[in-house]
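Q: Please take a close look at the nonpolar patch on the surface of this structure. Which elements give residues to the patch, and how do they pack?

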Amino acid sequence: MARYVVNKGVGRSVEVKGLRAQYFIYAVVGVIAAFVIFFTLSFIIGQILAVIIAFICLVCNVSVCFYLNNRYGEKGLGRLYAKMLTPDRIASHKRIYKIPGFRDGD
């Protein structure tokens, strides 16, 4: 039975085999999804082709998780997503005299 070392210090996030925090969870969800794909496809198209497709999905998922981990770091992907959701500018389409507190000519 293989033993995996989980490096966890006080105030630090979980790191397993180089994957940190949410990327480890993404990888686990991808493994579960690959099993679901395998069992679904094995009833439809046969086991050999289902194994190949599930293995390709599994390898792609794990490689994308490691790529995102190396590129964005522990919290960088969440920061990138938050930055994408913030607007570039704030626009007001009201006329200036309809803004409360504005007096024309005073």
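A: Buried residues (under 20% relative accessible area, 1.4 Å probe, protein chains only) make up 15% of the 106 residues in the chain. This is a predicted model, in which local features need pLDDT of at least 70, side-chain atom pairs count only at pLDDT 80 or more, and totals for chains, interfaces and linings use all residues. Residues are numbered from 1 along each chain as its sequence is written, and side-chain values use heavy atoms, with hydrogens and water left out.

The chain has three helices and three strands, which are DSSP runs (H or I, at least four residues, for helices; E, at least two, for strands) numbered from the N terminus. From that end their order is β-β-β-α-α-α.

The nonpolar patch consists of Phe43, Ile44, Ile45, Ile48, Leu49, Ile52, Ile53 and Ile56, and together they have about 840 Å² of accessible area. Two elements, α1 (22-44) and α2 (47-72), each give two or more residues to the patch. The most come from α2, with five residues. A patch of this kind joins nonpolar side chains (Val, Leu, Ile, Met, Phe, Trp, Tyr) within 5 Å, from residues with over 30% relative accessible area and no salt bridge, that is, no side-chain nitrogen of Lys or Arg within 4 Å of a carboxyl oxygen of Asp or Glu.

Ile48 lies in helix α2. Ile48 counts as exposed (over 50%) because its relative accessible area is 68%.

As for the packing, α1 and α2 meet at an angle of about 170°, with axes 8 Å apart; the axes are lines fitted to C-alpha atoms over the stretch in contact, and angles run from 0 to 180 degrees between N-to-C directions. Therefore α1 is roughly antiparallel to α2, a term for angles over 145 degrees.

Notes. Patch = residues over 30% accessible without salt bridge, like charges linked within 9 Å, V, L, I, M, F, W, Y side chains within 5 Å. Areas by Shrake-Rupley, 256 points an atom, 1.4 Å probe, with all protein chains shown as cover. Parallel < 35°, antiparallel > 145°, perpendicular 65-115°, else oblique.
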